[in-house]
Amino acid sequence: MIEFIRGYVDYVCPEYIVIENNGIGYQVFTPNPFSFQINKQQRIVVYTYQYVREDVLALYGFHTRQERALFAKLLQVSGIGPKGALAILAAGQLEQLVEAIEAEDDKFLCKFPGVGKKTARQMILDLKGKLQAVVPDAFPNLFKEPIEETDALSEALEALKALGYAEKEIQKVVPILKQEQLSTEGYIKLALQKLLK
């Protein structure tokens, strides 16, 4: 596998770029080729993904390793090929994409070209909870270290468990609760409002 290519951008078109390295021009398909359009005298690094199938051998390129890792994850989703994955990443809103998957927002996901309701649901099913290890640097707001819990918050979380809410459901509202300074009762009320939406 080619990890990256360091060289000069020789050519840019709507589908791919050609990056020259030691006299060899590599055709690299990218989410937004024009984002690589810079001074031809400036060396750049393109992180690559080599896609191999019976009738296809192609290089896909990205600005960051996180973007490449997300591309690889998207390829694992049934119904998404390289072209579809590039279209999803072309928007450049990686944080919004991950937030939509984590929040199960299939309406947002259906906005991407080639993504219908079925594919959006499949993305959520296949990727939810699996992206933190892949792209932690890109999403500091989503995956920040837990803040110290106050006694009131701890008691509220225990009360939610006693009410029968699953740990998974509770964890969805914890970041919202941690932004507030409330009594135990206040935390419970806020949590219930969010859980019942």
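Which residue takes a positive phi in the hairpin of β2 and β3? Hold on to that one for a moment, and hello, everyone. Before we look, please remember that this is a predicted model.

Let's start with the overall layout. The domain assignment splits the protein chain into domain 1, residues 4-62, domain 2, residues 65-127, and domain 3, residues 152-196. I'll spend most of my time on domain 1 and on how domain 1 meets domain 2.

So, back to the opening question. The residue is Asn-22, with a phi near 55 degrees, and the hairpin has 2 residues between its strands. Those strands are β2, residues 16-21, and β3, residues 24-29, and they run antiparallel with 6 bridges joining them. If you'd like one pair to find on screen, look for Tyr-16, whose bridge partner in β3 is Phe-29.

Now follow β3 across to β5. Here the two strands run parallel, joined by 2 bridges. Val-28 is the residue to look for, standing opposite Leu-59 in β5.

From β5 we can step to β4. These two run antiparallel, with 7 bridges between them, and a hairpin of 2 residues links β4 to β5. Tyr-51 has Ala-58 in β5 as its bridge partner. On to β1, residues 4-12, which pairs with β4 in the antiparallel sense over 5 bridges. There, Ile-5 stands opposite Val-46 in β4. While you trace these strands, here is a handy general point: in a regular strand, side chains alternate between the two faces of the sheet.

Next, the meeting place of domain 1 and domain 2. Their C-alpha centres lie 22 Å apart. In contact there are 10 residues of domain 1 and 10 residues of domain 2. Together the two domains bury about 1,000 Å², and 76% of that is on carbon and sulfur atoms. Which residues of domain 1 lose the most area to domain 2? They are Pro-31, Tyr-47 and Phe-62, which together make up 53% of what that side buries.

What about charges and polar groups? Across this interface the rule finds 0 salt bridges, and the count of residue pairs in polar contact is 1. On the domain 1 side, the elements giving two or more residues are β4, residues 43-53, and β5, residues 56-62. Of the elements, β4 gives the most, with 4 residues. By class, that side of domain 1 has 8 nonpolar residues, 2 polar ones and no charged ones. Notice that we have met β4 before: the strand that touches domain 2 is also the one that pairs with β1.

Let me finish with salt bridges in the model. The count comes to 9 by this rule. One to look at is between the side chains of Glu-104 and Arg-121, at 3.8 Å from N to O. Why does this pair tie together parts that are 17 residues apart in sequence? Glu-104 lies in the loop between α3, residues 94-102, and α4, residues 106-109, whereas Arg-121 lies in helix α5, residues 117-127, so their meeting links those parts.

That's my tour. Do try finding Asn-22 in the β2 and β3 hairpin yourselves. Thanks for listening!

Note on methods: Residues numbered from 1 in each chain as written. Predicted model: local features only at pLDDT ≥ 70, side-chain atom pairs only at ≥ 80, totals over all residues. Heavy atoms only, no water. Domains from an automatic or database assignment. Contact = heavy atoms within 4.5 Å. Buried area = accessible area lost by both parts, 1.4 Å probe. Salt bridge = Lys/Arg side-chain N within 4 Å of Asp/Glu carboxyl O. Polar contact = N/O pair within 3.5 Å; in protein donor to acceptor, adjacent residues only side chain to side chain. Nonpolar A, V, L, I, M, F, W, Y, C, P; charged D, E, K, R; others polar. Pairing = 2+ DSSP bridges.
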